[in-house]
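Visitor: Hi! I'm new to looking at protein models, so could you walk me through this one?
Guide: Happy to. Let's bring it up on the screen and start with a single residue.

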Amino acid sequence: MQATSTLDHPEAPPAVSSRSFKRAFADVREAWDHRELWGHLGWQDIKQRYRRSVIGPLWITISMGTTALALGLLYSVLFDTNVPTFLPYVTVGFIVWNFILGCITEGTDVFIANEGLIKHLPAPITVHVMRMVWRQVLFLLHNLAVYAVVLAIFFTSLNHQYTISDGGPVHPGLSWTIVLAIPGFALLALNAVWVALAFGVISTRFRDIPPVVTSFINLVFFMTPIVWDAGVLQKVTGGGSNDWRILIAELNPVYHFVEIVRAPLLGHAVDWHHWAIVGGFTVAGWALAMVILRNYRARVSYWV
């Protein structure tokens with residue numbers, strides 16, 4: 001018998017599975033390499049939204065300032081707190097909450113809203129997530145103008161030891177610890193990417209998820225110390241850490257994400273357990289997101 005030549009029957013190339021952590025990590029890495037693309041698209045989103053507007057993106061700042069002023073004055077009367085210290089507390093809390101809210105709600109819709117680009121633009125799907133997070137960062141930078149105005153008005157009330165409500169905890173006041181807000185926000189943005197990745201993929205497959213998340217997030221807002229001071233719970237419970245009312249705040253992960261940014265900006269004592277909890281969520285969240293990206297990244301274009 002004549003031996004069969006290997007040239008006549010070449011070996012088939014090894015099958016490459018689309019489900020691999022190597023490809024999942026490559027998707028995130030390539031998305032970062034395309035930062036000029038998603039940076040430009042995120043900026044264009046804001047310009048498009050406020051096209052033909054007289055004051056443009058300043059509407060973001062005006063809307064935030066009006067809401068923070070109204071809520072701060074209303075709840076300062078309801079809770080009998082000091083307006084010069086409570087109003088900055090509500091303002092900063094609301095600015096950080098708006099960023100979290102935007103990343104979660106728009107994150108559930110991030111792939112659905114970019115159906116056309118996903119089907120026609122050969123780019124990593126993480127590009128669309130980073131574009132959305134970058135857009136929310138730009139919104140937050142606009143809103144920081146409100147913080148600057150409030151800080152200028154109430155600086156004399158915040159640059160020394162103060163309390164937000166009578167009998168509440170004493171805060172040390174503004175100091176060099178204000179720079180800790182920068183790594184705090186970096187952690188916040190890093191978590192926003194994995195949250196949008198995970199919720200975005202799941203919501204693309206199950207279209208009932210976005211309205212469920214939108215309904216649930218309204219409940220989270222009232223359970224998070226944003227328009228009410230967490231120190232009120234300590235005053236009510238006499239400082240006990242085991243009371244169930246303290247656990248309402250401590251078991252809420254959003255509270256810790258808000259606090260790592262708000263506390264330095266207001267001169268509150270930096271409690272390191274907030275950083276530890278956020279760090280744990282960052283590691284666990286990214287691990288979950290990479291598993292989801294590994295298993296379902298290739299299916300997103302078929303689901304949208």
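**A chat about the helices**

Guide: Let's begin with Arg-135, which is found in helix H7. Keep in mind that this is a predicted model.

Visitor: Is Arg-135 buried or exposed?
Guide: Arg-135 has a relative accessible area of 12%. The cut-off for buried is under 20%, so Arg-135 counts as buried.

Visitor: Which residues is Arg-135 in contact with, leaving aside its neighbours within four places in sequence?
Guide: Its contacts are Gly-42, Asp-45, Ile-46, Arg-49 and Glu-106.

Visitor: Where do Gly-42, Asp-45 and Ile-46 sit?
Guide: Those three are among the buried residues of H2, along with Trp-38 and Gly-39.
Guide: The buried residues of H2 cover an arc of only 120° around the axis, so they lie on the same side of H2.

Visitor: What covers that buried side of H2?
Guide: The cover includes H1 and H7.

Visitor: And what span should H2 have?
Guide: H2 runs over residues 35-49, and its 15 residues should span 21 Å at 1.5 Å a residue. The end C-alpha atoms of H2 are 21 Å apart, which agrees.

Visitor: Okay, stepping back. How many helices and strands are there?
Guide: The protein has 14 helices and zero strands.

Visitor: How many residues does the protein have, and what percentage count as buried?
Guide: It has 304 residues, and 47% of them count as buried.

Visitor: What about contacts between residues at least 6 apart in sequence: what share join residues at least 24 apart?
Guide: That share is 76%. For a pair of residues from separate parts of the chain, look at Ala-26 and Pro-124: they are 98 residues apart along the chain, and their C-alpha atoms are separated by 8.6 Å.

Visitor: Which helix is Ala-26 in?
Guide: Ala-26 belongs to helix H1. Ala-26 is buried too, with a relative accessible area of 14%.

Visitor: Let's talk about the nonpolar core. Which residues touch the most other members of the largest one?
Guide: Phe-99 and Phe-111 do, in a core of 77 residues.

Visitor: What is Phe-99 in contact with, leaving aside neighbours within four places in sequence?
Guide: Phe-99 is in contact with Val-133, Gln-136, Val-137, Leu-140, Phe-185, Leu-188, Ala-189 and Ala-192.
Guide: There is also a second, separate core of five residues, which includes Ile-46, Ile-60, Leu-138 and Phe-139. You met Ile-46 a moment ago as a contact of Arg-135.

Visitor: New topic: which residues of H9 are buried?
Guide: In H9, the buried ones are Pro-210, Val-213, Ile-217, Val-220 and Phe-221.

Visitor: Why are they on the same side of H9?
Guide: Because they cover an arc of only 100° around the axis. As background, an α-helix has 3.6 residues a turn, so residues three or four places apart point the same way.

Visitor: What's on the face of H9 turned away from its buried side?
Guide: That face carries the exposed residues Val-212, Ser-215, Phe-216 and Phe-222.

Visitor: And what covers the buried residues of H9?
Guide: Helices H4, H8 and H12 are included in that cover.

Visitor: What covers the buried residues of H13?
Guide: For H13, the cover includes H1, H7, H8 and H12. H13 itself has 25 residues, from 272 to 296, and reaches 36 Å from its first C-alpha to its last.

Visitor: Which residue of H13 should I look at?
Guide: Try His-274, which is in helix H13. At 5% relative accessibility, His-274 counts as buried. Leaving aside neighbours within four places in sequence, His-274 is in contact with Tyr-255, His-256, Glu-259 and Ile-260.

Visitor: Last one: how many cavities of 30 Å³ or more are there?
Guide: A search of the whole structure finds one. The largest cavity holds about 40 Å³ of space.

Visitor: Which residues line the largest cavity?
Guide: The lining is made of Glu-259, Ile-260, Ala-263, Pro-264, Val-270, Asp-271, His-274 and Trp-275. H12 provides the largest share of that lining, four residues. H12 and H13 each supply at least two.

Key: Residues are numbered from 1 along each chain as its sequence is written. This is a predicted model: local features need pLDDT of at least 70, side-chain atom pairs count only at pLDDT 80 or more; totals for chains, interfaces and linings use all residues. Side-chain values use heavy atoms; hydrogens and water are left out. A nonpolar core is a set of buried Ala, Val, Leu, Ile, Met, Phe, Trp, Tyr and Cys residues joined through side-chain atoms within 4.5 Å. Buried means under 20% relative accessible area, exposed over 50%, partly exposed in between (1.4 Å probe, protein chains only). Contact means heavy atoms within 4.5 Å. The arc is that of the directions from the helix axis to the C-beta atoms. The expected span of a helix is 1.5 Å times one less than its number of residues. On a 1 Å grid over the protein atoms alone, a cavity is a set of points where a 1.4 Å probe fits but cannot get out, and a pocket is an open set with protein on both sides within 12 Å along at least five of seven lines; lining residues have an atom within 4 Å of a point. Grid points are joined across faces, edges and corners, and a volume is the space filled by probe spheres set on the points.
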